[in-house]
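Dear colleague,

I am handing over the structure below, and my notes on what was found in it follow directly after.

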Amino acid sequence: MLRMRLFEERCVELSVAGEFPGITPVYIGQEATGVALGMALRAGDLVFTTHRGHGHLLGRGAQFKPLMAELFGKVTGYCQGKAGSFHVSSAALGVPSASAIVGASAPAAVGAALALSRINPGHVAVACQGDRSLGEGAAMEAINLAALWRAPVIFLCENNDAVPYDVRSKSQLATDRLAGLVQPYDLMVGEVDGSDFEAVFGALGEAVDGARLGDGPRFLEVRTYGWPGQSGPRYRLPPALRTDIRTAWQPAPADEFSEWREYDPLLRFARRLIGGGEIDTDELEDMQANVLREVQEAVEFARESPYPEPAAAYDHLYA
Amino acid sequence: MANYLSTLHQTLIDIMQADERVVVIGNFDAPAEGPRLSDVFGSDRLLPSPVSELALAGAALGAALAGLRPIVTFGISSFMFNAWEQVVNEAPHFRYMSGGQVVVPIVMHCAGGARGAGGAQHSHSPQAMLWNTPGLRIALPATPADVRALWPAAVADANPVVVLDGRRLYGTSGPQSDESCQLPLGRGRVRRPGQDVTIVATSWLVHEALAAADELNQLGVDAEVIDPRTLVPLDEELILDSVAKTGRLVVVDETHLSCGVGAEIAARIGYHAFGQLKAPIERVASADAPIPFSPALEPEVVPGVRDVVEAAIRTLR
């Protein structure tokens, strides 16, 4: 979680500074799910991610350098600069595609799940989607198809507008209970608090194991807090919003971000580990320093990496 | 002689028996005679498919990424528009966007064109729109022999391939095997050799062009009819060789005139064969109007033998 957070806070900085071409959607606030996903899956399981996929990739073991280089559009990136943040994928890590079209990953995951049940039984596919995907036909068609086919697929619906449920959400779907939209189909439906890592890991693990054992598709809504650094396409990262692991045990100022700090899955899990005596604060501080150093190395690697040659625009068009 | 649709089923049966990774998503029209897919395979190979073209196309894409060789059919070509996002914005992009990490070996099929009273919403010829989408291959088998040749090549291809049948071909028959058809995707076929004018035609209109060539013959005009068989890749060389001989070109296709298949072929050949052309290139296409329902109106918009003959004669004036 700390790795995802510090990597992406740097992404926000670089994005605001104009160093990234294009748009860089971040996963901040959803890290518990990305980590749980990586832990719940095995080699051979497939994840179909979206334009908000950094956390899914890092959860499955992505390295900072090729990921950062991809966001810069450099040839050393996971996709040789053809993907950017929106489409970055790694087939070797079991994330063979990233669609930036809302809802579009869901039917692909259903087809992959069906294929896995034939050629690699005991494996599952995961459809990553956001809350708004349920306004798209593709997502709802996929749920029907998965239920008809009993495909071993998990619809991992990350509702990053769940808390606080605000005006922008209300203008998108005429319900705030996403699981309720899906309930009438013939599949198991669950809902979990995305700020509680252990709860997410438990629920996602149960869903993955169930699909793996052949009891059909699952839908899991993970309800997370909308990170206050993002407002529409615009980012801000004032010093008070920047993550400092020390706020897990030291008092933070009472400010507009106080509520976020209560929900922040990273701080919450850190508090839980410290409270249980499973980690001490020095270790966490060292961890933070090490990750920050690694992020800095990735940024330098990406900056120094070459862009693709112009002729590369015509590579990989046809196999 | 074998019926086109019967040949399609027999070809798919053969392909699926030879490669168990091949599955069919969606429902093919059933032939009146001969074995049907459903006589041979059950729901493990012919996946139960609801009316959800968008999800079916996406599922085919995902199944391909996971190692199967899916064939998805939308039935009538107009229904492909329900799946359009997956067809033009997902399938052709994954290999490219991933920097070559993955391949997407899927075949997307539909039967299109005017069908007799299909009206505006069931008569589409989407091949020009598809051709404007880099990353797809496009095959248009015009005869049972072409079905026999192109389908195995399409399924074996590592890229998304769209196979478009002309709906009116389903009632036609022809020889099933033909040595000259055993070619890879991207190789066209001279359907009738001639000296005076080159007629390039696709799909159902290959047959109309051949009938037109017979009529032209009676008028003393010796037309060469070429079927490129695939638009991507396009066998430009075959067309250019013919135009070098005849100096005249008529392009016949059922897409609408503006930005249609004929427009692209005319532009390419016009550029490369400018010095050899003795007359402006003629395009025979559907008019820029929806395909109307009435039997009195459909032939007005959709091209046929008469249009081809008249266009050929214009190049000879």
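How many of the six residues of strand β5 (residues 107-112) of chain B are buried? Six of the six are buried, so that by definition each has under 20% relative accessible area (exposed being over 50% and partly exposed in between, with a 1.4 Å probe and protein chains only). Please bear in mind that this is a predicted model, in which local features need pLDDT of at least 70 and side-chain atom pairs count only at pLDDT 80 or more, while totals for chains, interfaces and linings use all residues. Residues are numbered from 1 along each chain as its sequence is written, chains are lettered from A and ligands numbered from 1 in written order, and side-chain values use heavy atoms, with hydrogens and water left out.

Strands here are DSSP runs of E with at least two residues, numbered from the N terminus, and two of them pair if DSSP finds at least two bridges between them. From β5(B), B:V107, B:H109 and B:A111 point one way, whereas B:M108, B:C110 and B:G112 point the other way. Strand β4 (residues 69-76) of chain B runs parallel to β5(B) and is joined to it by four bridges, with B:V72 having B:M108 as its bridge partner. Strand β7 (residues 161-166) of chain B also pairs with β5(B) in the parallel sense, over six bridges, and there B:V163 stands opposite B:H109.

Best regards
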